[in-house]
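Let's take a walk through this model together, one region at a time. Keep the viewer open and follow along as the residues come up.

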Amino acid sequence: MLGISADPPEKQKKFKEKYDLPFTLLADTDKKVAKAFDVIKEKNMYGRKVMGIERTTFIIDREGRVAHIFPKVKAEGHAEEVLARLRS
């Protein structure tokens, strides 16, 4: 399991420590991965339209193919949703 965000490594390190995350976080500060996975979307922030990264989970199979996509992820209950999908 990997987590990827546009945050710099220093900020990711603090986040990982704060939440005691047991997986690797990767920095995508130039947003190349976000662009490749087409997760940069128009968002509405305080009534203004802005471009930003839509929180998305991808399940990648053993052959390296995208097996499932969870768009517009909300943290609450999401881990259970992903585990259920992996078990099915």
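Start with Lys41, which counts as partly exposed because its relative accessibility is 27%. The model is a predicted one, so keep in mind that every value here is computed from predicted coordinates. Lys41 forms a salt bridge with Asp38, and the closest N and O atoms are 3.5 Å apart. Asp38 is partly exposed too, at 49% relative accessibility. This aspartate sits in the loop between helix 2 and strand 3, the strand made of residues 40–45. Its backbone deserves a look as well: phi of Asp38 is near 55 degrees, a positive value in a residue other than glycine.

Two other residues invite a similar look at the backbone. Lys31 has a phi near 65 degrees, again positive in a residue other than glycine. You will find Lys31 in the loop between strand 2 and helix 2, which covers residues 32–36, and with a relative accessible area of 34% Lys31 is partly exposed. Asp20, just after helix 1, takes a positive phi of about 50 degrees.

Now step back to see the whole chain. The protein chain holds 3 helices and 6 strands, and their order along the sequence is β-α-β-α-β-β-β-β-α. The C-alpha trace spans about 40 × 25 × 25 Å along its principal axes. Of the 88 residues, 17% are buried. Among contacts with a separation of 6 or more, those between residues 24 or more positions apart account for 10%. The chain exposes about 7500 Å², with 54% of that supplied by carbon and sulfur atoms.

With that outline in mind, go to the start of the chain. Strand 1 is joined by 4 bridges to strand 2 (residues 24–27), and the two strands run parallel. Between them the chain passes through helix 1 (residues 9–19), and this β-α-β crossover is right-handed. How many of the 11 residues of helix 1 are buried? The number is 1, so helix 1 lies largely in the open.

The loop that leads from strand 1 into helix 1 contains Pro8. Pro8 is partly exposed, with a relative accessible area of 33%. For a sense of distance, compare Pro8 with Glu42: they are 34 residues apart along the chain, and their C-alpha atoms are separated by 22 Å.

Ile4 lies in strand 1 and stands opposite Leu26 in strand 2. At a relative accessible area of 47%, Ile4 falls short of the 50% cut-off for exposed, so this isoleucine is classed as partly exposed. Both Ile4 and Leu26 belong to a nonpolar patch on the surface, together with Leu2, Val33, Phe37, Ile60, Val66 and Ile69. The accessible area of these patch residues together is about 660 Å². Strand 1 (2–5) and strand 6 (66–70) each supply at least two residues of the patch.

Charged side chains make another theme. Side chains of opposite charge can pair when their charged atoms come close. The count in this model comes to 7 salt bridges, and the Lys41 to Asp38 pair is one of them. Another joins Asp7 and Lys11, at 4.0 Å from N to O. Which of these two partners is exposed, and which is partly exposed? Lys11 counts as exposed because its relative accessibility is 52%, while Asp7 is partly exposed at 31%.

Further along, the side chains of Arg65 and Asp61 meet at 3.2 Å, N to O. Asp61 counts as partly exposed, at 24% relative accessibility. Here the pairing extends to another residue, as Asp61, Glu63 and Arg65 are linked in a network of salt bridges.

Finish at helix 3 (residues 78–87), where His78 is found. Is His78 buried or exposed? Its relative accessibility is 11%, and because buried means under 20%, His78 counts as buried. Leaving aside neighbours within four places in sequence, His78 is in contact with Thr57, Phe70 and Val73. Of these contacts, Phe70 falls within strand 6 (66–70), the strand you met as a contributor to the nonpolar patch.

Conventions: Residues numbered from 1 in each chain as written. Predicted model: local features only at pLDDT ≥ 70, side-chain atom pairs only at ≥ 80, totals over all residues. Heavy atoms only, no water. Buried < 20%, exposed > 50% of the residue type's maximum accessible area, 1.4 Å probe, protein only. Contact = heavy atoms within 4.5 Å. Patch = residues over 30% accessible without salt bridge, like charges linked within 9 Å, V, L, I, M, F, W, Y side chains within 5 Å. Areas by Shrake-Rupley, 256 points an atom, 1.4 Å probe, with all protein chains shown as cover. Pairing = 2+ DSSP bridges. Right-handed = clockwise from strand over helix to strand, strands pointing away.
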